[in-house]
Amino acid sequence: MARRILLLGPPGAGKGTQATLIASALHVPHISTGAMLRAAVAAGTRLGKQAESVMASGELVSDELVVAIVDERLSQDDARCGYLLDGFPRNVAQAEALNDSVVDAIGTVVLLNVDTEEVIVRMMRRAEEEGRSDDNEEAIRRRLEVYSGETTPLVTFYDSAVLEVDGMGSVEAIFSRIMIALAKS
Ligand code: B4P
């Protein structure tokens with residue numbers, strides 16, 4: 001059966017890290033809106049120019065833009081047999097738009113639970129290593145507010161499809177917890 005998984009969690013929870021491992025283990029494409037937007041910014045496309053300052057401030061890029069890039073990505077052949085969505089949907093409007101365009105768009109939601117102090121530590125560490133424009137104190141605070149106000153309602157939206165996984169500890173330990181939870185679902 002096609003696995004259509006959404007990986008949910010606060011900024012810095014390790015979604016990007018875990019998504020790469022899960023997608024490779026399940027042989028499904030890893031679809032990250034954050035990565036697609038960063039690629040557009042790096043390439044200097046019209047989309048990238050529109051998204052750049054919004055992302056750097058920690059706000060969400062407009063639903064219209066993001067829904068359009070995901071619709072296009074999900075129409076590609078490799079997404080027909082399942083996918084792992086990382087960072088989309090990020091609010092209820094995006095989740096409804098996804099449901100309108102794909103039948104049974106999400107089968108399972110993996111919710112990574114990580115303490116706020118720990119996500120701040122991870123993002124500040126990445127700021128030193130990679131210098132991402134939204135890994136600074138002000139943008140991190142705003143991303144956490146946006147997550148709590150706009151993204152956490154998705155837990156109620158997806159309700160019984162949600163599997164909660166402890167996202168504290170080593171990358172390997174968290175990956176193993178996720179795979180065990182998925183195997184039982
Ligand atoms: P994302 O790229 O999705 O960024 P994020 O939520 O901050 O998560 P990220 O993937 O970076 O962190 P991760 O947990 O992997 O979005 C960036 C921006 O794009 C958004 O703010 C928004 O502006 C825009 N955007 C994206 N999707 C959108 C949408 N649908 N609608 C509107 N706007 C959208 O990793 C964090 C760090 O922790 C890494 O350095 C990693 O190496 C480290 N780490 C991971 N696991 C660890 C562990 N177990 N222990 C220690 N460190 C760990």
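## Threonine 33

A residue counts as buried when its relative accessible area is under 20%. In this predicted model, threonine 33 has a relative accessibility of 4%, so threonine 33 falls in the buried class. Threonine 33 belongs to helix H2, which spans residues 33-43.

Beyond the neighbours within four places in sequence, the contacts of threonine 33 are Val66, Val70, Asp86, Gly87, Phe88 and Arg90.

## Nonpolar cores

The largest nonpolar core is made up of 30 residues. Leu74, Tyr83, Leu85, Leu98, Ile106, Val109 and Tyr158 have the most contacts inside this core. At least two of its residues come from each of S1, H2, helix H3 (46-57), helix H4 (63-74), strand S3 (82-86), helix H5 (92-101), strand S4 (108-113) and H8. H4 supplies the largest share, with five residues.

Isoleucine 106 can be taken as one of the core residues with the most contacts. Leaving out neighbours within four places in sequence, isoleucine 106 touches Arg4, Leu6, Leu85, Leu98 and Tyr158. A second core, separate from this one, has 21 residues, among them Ala13, Met123, Leu163 and Ile178.

## Proline 153

Proline 153 is part of helix H8, residues 153-158. The relative accessible area of proline 153 is 33%. The partly exposed class runs between the 20% limit for buried and the 50% limit for exposed, and proline 153 is therefore partly exposed.

Apart from neighbours within four places in sequence, proline 153 is in contact with Val92 and Ser148. Valine 92 is 61 residues from proline 153 in sequence, yet the C-alpha to C-alpha separation of the two is 7.0 Å.

## The largest pocket

The volume of the largest pocket is about 970 Å³. Its lining consists of 50 residues, and Gly12, Lys15, Arg126, Arg132 and Arg143 lie nearest the pocket centre. By residue class, the lining holds 19 nonpolar, 17 polar and 14 charged residues.

Two strands and several helices contribute to this lining: strands S1 (3-8) and S2 (30-32), together with helices H1 (15-26), H2 (33-43), H6 (116-130), H7 (137-151) and H9 (171-184), each provide at least two residues. H6 gives the largest share, seven residues. S1 and H2 appear in both settings: each supplies at least two residues of the pocket lining, and each supplies at least two residues of the largest nonpolar core.

Definitions and conventions: Residues numbered from 1 in each chain as written. Predicted model: local features only at pLDDT ≥ 70, side-chain atom pairs only at ≥ 80, totals over all residues. Heavy atoms only, no water. 1 Å grid on protein atoms, 1.4 Å probe; cavity = no way out; pocket = protein on both sides within 12 Å on 5 of 7 lines; lining within 4 Å. Points joined across faces, edges and corners; volume = space filled by probe spheres on them. Helix = DSSP H or I, 4+ residues; strand = E, 2+ residues; numbered from the N terminus. Nonpolar A, V, L, I, M, F, W, Y, C, P; charged D, E, K, R; others polar. Buried < 20%, exposed > 50% of the residue type's maximum accessible area, 1.4 Å probe, protein only. Contact = heavy atoms within 4.5 Å. Core = buried A, V, L, I, M, F, W, Y, C linked by side-chain atoms within 4.5 Å.
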